[in-house]
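User: Before I rely on any statement about the ligand site, I would like to hear on what criteria each one rests. Could you take me through them?

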Amino acid sequence: MQIYLSRPDITAREIEAVCEVLRGPNLSLGPKLAEFEQVFAKYIGTKRAVAVNSGTSGLFLCMLALGIAPGDEVITTPFTFIASATSVMMAGARPVFVDIDPVSLNIDPANIEAGITENTKAIVAVEVFGNPAGLDRLCEIAQKHNLPVIDDSCEALGSALNGKKVGTFGTMSVFGFYPNKQITTGEGGMILTDDDYLADMCVSLRNQGRGKDSGWLGHDRLGYNFRLSDINCALGIVQLSRIDQIKAKRRQVAKWYQEILAEDARLIMPAEPDGCDMSWFVFVVRLAPSVADVSGLADGFTLEKRDRILQAMRSQNIQVGNYFPPVHLQPFMVEQFGYKQGDFPVTEAVSKSTIALPFHNNLTKDEVAIVCKTLKEVLDKN
Ligand SMILES: Cc1ncc(COP(=O)(O)O)c(C=O)c1O
């Protein structure tokens, strides 16, 4: 038996909704696109929502709509999925990393100002693993420096900080709907903003640069085909209607893990910080270097040891992940920007300690127990 790292949760309602679109005449740019955008904007609480074919496309379009261009710098975190940084590069700009907070694993707001130069044009915030901690302070600093915030909220659909939903903090926010996300459309993404100019620009850019009145073969600007089909949108509408149930299911799975693993001093557990309503995206534990050093930053273990543990888990048919290797140390980043080992010590220390455990809506209590038992046995031997 395999225990999967992630699995989509598709019910008969989603299947019926997709089939209904397939039986009709509008597979793209039809009513389901408008409906998905409408229910999404309503759920988050923004004026506009623009659906696109991936989170990455969404982030890239935010850069373009905000006028990010070659010569510009955009601040972001090195502890994230690669697209937070590559979307900056796609616009020809330079990602400037600042190190993370060792507890929230998000950008440490205290480090941001040191990264700001006269070329800085925006900040990309990320709620890593769904955790919104620090997002309010990041936005305050951005505002002080008159910088727009592009919130890469791809991992945090349904999270809130001090009662304010993720998706409403940034100048623009982006969610992603890859199948491991809280809701899926197969592939897909959504841009949120209160700014009509930015939303209209994204609508044009996702659809070959077409203008509002330019017709099918009139193009106002260089654009792309980043459209999300009505098939995907129909799936997304039903998934979003289930978001509260999905959040509750994931919270329950996280609780089972916490109950079994909390007492194990060899592990640092993920926790829901004060003031956060966390929508659990993944369940990532960290190897504790020693019982005394709860920050996890002492060099008490090696990347090799962590990878040995991952391998041992996989050999027992339990899928695990290494979220995230440091973005600044990816070979093309090193080559293009000259980043090196030691540049962002908190990120580097955290990265070599993480173990993402199987986590999805329908993981059972028995499966969680098997994962925990196996992890403890593997830790005993390593
Ligand atoms: C933080 C973050 N940003 C961006 C993305 C990119 O989203 P997509 O895979 O839909 O392009 C993802 C997830 O895949 C993500 O986790």
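The exchange below goes through the ligand and the pockets.

Analyst: This is a predicted model, in which local features need pLDDT of at least 70 and side-chain atom pairs count only at pLDDT 80 or more, while totals for chains, interfaces and linings use all residues. Residues are numbered from 1 along each chain as its sequence is written, and side-chain values use heavy atoms, with hydrogens and water left out.

User: What makes a residue part of the group that surrounds the ligand, and which are the closest?

Analyst: A residue is near the ligand if one of its heavy atoms lies within 4 Å of it. There are 14 residues around the ligand, and the closest are Gly55, Thr56, Asp152, Glu155 and Lys181. By class, this shell holds five nonpolar, six polar and three charged residues, where Ala, Val, Leu, Ile, Met, Phe, Trp, Tyr, Cys and Pro count as nonpolar, Asp, Glu, Lys and Arg as charged, and the others, Gly among them, as polar.

User: Why is the pair formed by Thr56 and the ligand called a polar contact?

Analyst: A polar contact is a pair of N or O atoms within 3.5 Å. A polar side-chain atom of Thr56 lies 2.5 Å from an oxygen atom of the ligand, so the pair meets that limit. Asp152 has a polar side-chain atom 2.7 Å from a nitrogen atom of the ligand, and Lys181 has one 2.9 Å from an oxygen atom of the ligand, so these pairs also qualify.

User: How much of the ligand's accessible area does the protein cover?

Analyst: The protein covers 93% of the 390 Å² of accessible area that the ligand has on its own, with areas taken from the Shrake-Rupley method and a 1.4 Å probe.

User: Where does the ligand sit, and what makes that space a pocket?

Analyst: The ligand takes up the space of the largest pocket; a molecule sits in a pocket if more than half of its atoms lie within 2 Å of its grid points. On a 1 Å grid over the protein atoms alone, a pocket is an open set of points where a 1.4 Å probe fits, with protein on both sides within 12 Å along at least five of seven lines, and lining residues have an atom within 4 Å of a point. The largest pocket has a volume of about 540 Å³, and among its 27 lining residues Phe81, Glu155, Tyr178, Asn180 and Lys181 lie nearest its centre.

Methods. Polar contact = N/O pair within 3.5 Å; in protein donor to acceptor, adjacent residues only side chain to side chain. Points joined across faces, edges and corners; volume = space filled by probe spheres on them.
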